[in-house]
Amino acid sequence: MSRSIVAIIGAGPYGLSLAAHLAARKVEHRIFGHPMLFWSRIADAGGERYLKSFCFGTNISSPTRGSTFADYSIPRGLETFEPCSIMDFAAYGLWFQKKNVGWVEPVEAERVSKTSNGFEIVLSSGERAVAAYVVVAIGLSYFAIIPPVLGSLPDNLVTHTSKITAFAAFKGQSVAVIGAGQSALEAAALLNEAGAQPQLLVRENAVLWNARSPRNASLWQRLRSPISGLGGGRRAWVLTHFPSIAHHLSAATRTRFLKDYLPPEGAWWLRNRIENVVPVHLSTNVAEARRDATGRAALRLLVGGKERCITVDHVVAGSGYDIDVERLAFFDPQLRAALRPEGGAPKLNAKFEASISGLYFIGPLSQMSFGPLFRFVVGADYTARTVAAHLAMQARSKMKSARAKELNATG
């Protein structure tokens, strides 16, 4: 059974960032997971898919120069402002990993449990590894949600936007896309461009679109609406430059802020691919969904208080993600039960450590404790620096304690 100081579970932007910083501090660690798997799957689905954030706000963090998204993109003639291609970002992540974190082990953690002196991790390879500290950096892949009203549909009739493996597979099919956020709007555009017949079902009475940010803003524009890694506006600038600020708010205030920040809206580059192209049904709620006698999805809709029924070949849910520790199936049930979740997410201290000593959560899993910045890649730099510094200190303390015990034993 192998032992290490730190085990990182997940090899996406946050996991890779932390590994790079731990290596620079010479902290012994292992990192498990297939690099950039979530992003690569999205990119492989086909079509023009983009991140909603700026390219310069999607850097995987390295303690040394030369590993930003721009460092990857400029020599290749790629976009460095917006829109930011998911295909380019996934390729950048793999380039970063090979350049900075060549020791990633492409295996999955199948079981994590607490031991008397740390944690035991059962890997998909069959190996049992032991670590003093575990950092969970799994991103969003475990947390895609399908609205309960669609729960009666079989899996072959409903798909979350993040689970679509090929938009071309829907060619010739009628598809109801539910949602008004970026993922739903983008899915509708890509389905249409792949030869499907999508229609958008939107609860709100309008689809919101964000404005295009000027590449060369005037001084007045920069003062009025500064551009930061999180987006445009003063609030985004404050969150980007003072990452820990939301952690000091009360839990109730932070929860309200998370709910209200960045409402569902589409990016400016999607607008001409949706308006007057894809049918959009506003003020529409799905009241019931079932598989009909022909094997298709029958939806009963409430449209402005009136009932309407439609039948489609497939339903795509742009319903986002629900951070909930109960979804961490690879956690031992006793370990899950010992966590004290806050709004479903683990409650973390200022060092991203959970109520269970030695267990850390970074990335979107930290958003309930640290705010919306950590839903995005831009939060990886602050996270990696904070956690790496803390774990380096913990590792030094553990080594000193071990040496003291050895001296006492021999003395």
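**Notebook: cysteines, helix packing and backbone outliers**

I began with Cys55, which counts as buried because its relative accessibility is 3%. The model is a predicted one, and I read every entry below with that in mind.

**Entry 1. Cysteines**

I searched the whole structure for disulfides and obtained 0. Cys55 takes part in none, and the nearest cysteine sulfur to its own, that of Cys84, is 3.5 Å away. I then asked why Cys84 and Cys55 are not bonded. Their sulfurs, 3.5 Å apart, are too far from each other for a bond, since a disulfide requires the two sulfur atoms to be within 2.5 Å. I also looked up the accessibility of Cys84: at 0%, this residue counts as buried.

**Entry 2. Helix α1 against helix α4**

I turned next to helix packing, for which the angle between the two axes and the distance between them are the descriptors. Helix α1 spans residues 13-24 and helix α4 residues 86-100; I noted an angle of about 25° and axes 11 Å apart. The pair is therefore roughly parallel, as the cut-off for that term is an angle under 35 degrees. The crossing of α1 past α4 is left-handed.

Which residues of α1 and α4 meet? On the α1 side I listed Pro13, Leu16 and Ala20; on the α4 side, Phe89, Gly93, Phe96 and Gln97. Sorted by class, this contact holds 5 nonpolar and 2 polar residues, with no charged ones.

**Entry 3. Helix α2 against helix α4**

I examined a second partner of α4, namely helix α2, residues 37-44. The axes of α2 and α4 come within 9 Å and cross at roughly 145°. I recorded this crossing of α2 past α4 as left-handed. From α2, the contact draws on Trp39, Ser40, Ile42 and Ala43. From α4, it draws on Ile86, Met87, Phe89, Ala90 and Leu94. By class I found 8 nonpolar residues, 1 polar and no charged in the contact of α2 with α4. Phe89 of α4 appears both in the list for α1 and in the list for α2.

**Entry 4. Val27**

I located Val27 in the loop between α1 and β2, the latter being residues 29-32. Is Val27 buried or exposed? Its relative accessibility is 7%, so Val27 counts as buried. Setting aside neighbours within four places in sequence, I found Val27 in contact with Ile5, Val6, Leu22, Ala392 and Ala395. I also checked Val27 against Phe331, 304 residues apart from it along the chain: their C-alpha atoms are separated by 24 Å.

**Entry 5. Backbone geometry**

I looked up the peptide bond from Glu82 to Pro83 and found it cis, with omega near -5°. Pro83 sits in the loop between α3 (69-73) and β4 (84-85).

I then turned to positive phi values in residues other than glycine. Asn276 has a phi of about 65° and belongs to the loop between α9 (271-274) and β13 (280-281). At 85% relative accessibility, Asn276 counts as exposed. Phe352 also has a positive phi, near 70°. I placed Phe352 in the loop between β19 (345-346) and β20 (359-361). Phe352 counts as buried, because its relative accessibility is 0%.

Conventions: Residues numbered from 1 in each chain as written. Predicted model: local features only at pLDDT ≥ 70, side-chain atom pairs only at ≥ 80, totals over all residues. Heavy atoms only, no water. Axes fitted to C-alpha atoms, helices over the stretch in contact; angles between N-to-C directions. Helix = DSSP H or I, 4+ residues; strand = E, 2+ residues; numbered from the N terminus. Parallel < 35°, antiparallel > 145°, perpendicular 65-115°, else oblique. Left-handed = near helix turned anticlockwise from the far one by under 90°. Contact = heavy atoms within 4.5 Å. Nonpolar A, V, L, I, M, F, W, Y, C, P; charged D, E, K, R; others polar. Buried < 20%, exposed > 50% of the residue type's maximum accessible area, 1.4 Å probe, protein only.
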